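Got your viewer open? Let's take a walk through this one, one selection at a time.

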Amino acid sequence: MSRRRLLMLLKPIDVYSDSQSDGPSRITNPQSQPIHDVDLVVTVGGDGTLLQASHFIDDSVPVLGVNSDPTRAEEVEKLSNEIDATRSTGYLCAVTVNNFEQVLDNILEGRTIPSKLTRISICVNSLVLSTYALNDVLIAHPCPAAVSQFSFKIKSDDQPCSPLVNSRSSGLRVSTAAGSTAAMLSAGGFPMPILSEDLQFMVREPMSPGETSSLMHGLIKSHQSMDATWFCKEGAIYTDGSHVFYSIQSGDTIEISSKAPILKVFLSQRLQTTVKKLEEAYLQKKEILCKY
C-alpha cells in the first residue's frame, strides 16, 4: 500500500477572527489557507467541527468525521428528569472511536467511497463569496428582535419562474439536503435525502403573508437559483452558523444556488440506509412544493 497523507483536525478549530473591519460591507471569514496536498481529512469532534473544516476544503479532498462524544442512550434515560443529557448528534460523522480503525482501513484499501454532498454558493452584488455552506445560510437582520425586509424570486436560465415575493419577517433560511435535518427541520421544514442536489428555503415568521403564504416555503431545484434583494439598513448572511458572516446593506442583491463545488464525505451505513427511506416521501413533498 502506498503512503497516504492524512490531516487530522481536532475540536475546536479556532480559525475565526473576532476582529471586524469598518465599512458598510465586511466579511468575517476563516483566517486560514485552503487545505491541499492531502489524501484525507479526518475531523474529530462533531458535526460543527466537520462544518468548520468544510470551509477550507474543495471538491478534491474527502472528509471523514469522527464523533468524539456521541450521545449515550442509557445516560439520557437515567438523567431525563434532571437535565438533557444529549451529546453530539454527529449526523455527518461516520464513525466513533469504537469503529474508527476498521472504517479507516476500508477507506485506505478502497473498499469505501465518499458521498458527494451539495453545498450552497452565494453571490452578493455579482461577487461570489469564498465560503460555501454545507448546512445552511441565514439572511437576517443582525438584531434578532428587528424585522428583516427583503424580496426574492426563483429563476432558471436567468428567466424568472416564480412571482416576486416581498417579505417582512425574521429572515430567510436556505438549507442543503445535508442541513435539512438541522435548523430547517426545527422550523417546520422536512428532511431531504442527503444526496439531493436541491435546496430548501423557508421565510422565518412572515408577517401577514396573505396571498403569498404558499410561497414562504419551497425548493430551489438544482437547475434553479434564488435572487433576493435586501431592503434594511443593516443585514447579514450567516454561513453554517454565526462564525462566518457577510454584512449587507439596503439595495444589495444576493444570488443563492447549488452551483458550489461538492464536498466528498464518508457517511455512515446507517445514514445511507435512511436516505433510501426518505426518497419516496421527498418526491411527494417535491411535487407539492415545486409550483414552478
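Start with E205, which counts as exposed at 60% relative accessibility (exposed means over 50% relative accessible area, buried under 20% and partly exposed in between, with a 1.4 Å probe and protein chains only). You'll find E205 in the loop between strand 13 and strand 14 (217-220); strands are DSSP runs of E with at least two residues, helices are runs of H or I with at least four, and both are numbered from the N terminus. E205 is not a glycine, yet its phi is positive, at about 45°.

Before moving on, a word on what you're looking at. This is a predicted model, in which local features need pLDDT of at least 70 and side-chain atom pairs count only at pLDDT 80 or more, while totals for chains, interfaces and linings use all residues. Residues are numbered from 1 along each chain as its sequence is written, and side-chain values use heavy atoms, leaving out hydrogens and water.

**A second positive phi**

Now select D240, in the loop between strand 16 (235-239) and strand 17. D240 is another residue other than glycine with a positive phi, near 55°. Is D240 buried or exposed? D240 is buried, with a relative accessible area of 13%.

**Zoom out**

Show the whole thing as a cartoon and you have five helices and 19 strands. The protein has 292 residues, and buried ones make up 48% of them. Take the contacts (heavy atoms within 4.5 Å) between residues at least 6 apart in sequence: 68% of them join residues at least 24 apart. The accessible surface comes to about 15,100 Å², and 49% of that belongs to carbon and sulfur atoms; these areas come from the Shrake-Rupley method with a 1.4 Å probe, and for residues only the protein chains shown count as cover.

**Into the core**

Next, select I139 and I237. In the largest nonpolar core, which has 28 residues, these two touch the most other members. (A nonpolar core is a set of buried Ala, Val, Leu, Ile, Met, Phe, Trp, Tyr and Cys residues joined through side-chain atoms within 4.5 Å.) Among the elements that give two or more residues to this core are strand 6 (121-124), strand 8 (136-140), strand 9 (148-156) and strand 18 (253-257).

Which residues touch I237, leaving aside its neighbours within four places in sequence? The contacts of I237 are I122, V124, V137, L138, I139, V244, F245, Y246, I248 and I254. Apart from this core lies another one, of 21 residues, including V38, A53, Y91 and L134.

**A stop in helix 5**

Pick L271, in helix 5 (residues 269-289). L271 is buried, at 2% relative accessible area. Leaving aside neighbours within four places in sequence, L271 is in contact with Y91 and I194. Then add C93 to your selection: L271 and C93 are 178 residues apart in sequence, but 9.6 Å apart in space, C-alpha to C-alpha.

**Charged pairs**

Side chains of opposite charge can pair when their charged atoms come close. How many salt bridges turn up in a search of the whole structure? There are six, each being a side-chain nitrogen of Lys or Arg within 4 Å of a carboxyl oxygen of Asp or Glu.

Select D39 and R5 for one of them, at 3.5 Å from N to O. D39 sits in the loop between strand 2 (27-28) and strand 3 (40-45), and R5 in the segment before strand 1 (6-10), 34 residues apart. Both are partly exposed: D39 has a relative accessible area of 32%, and R5 has 46%.

For a buried pair, go to D136 and R173, with their closest N and O atoms 3.4 Å apart. D136 belongs to strand 8 and R173 to strand 12, 37 residues apart. D136 is buried at 7% relative accessibility, and R173 is buried at 13%.

Then try K155 and E255, which form a salt bridge with the closest N and O atoms 3.7 Å apart. K155 lies in strand 9 and E255 in strand 18, so this bridge ties together parts that are 100 residues apart in sequence. K155 is buried at 13%, whereas E255 is partly exposed at 23%. Add D158 and D227 to see a network of salt bridges linking K155, D158, D227 and E255.
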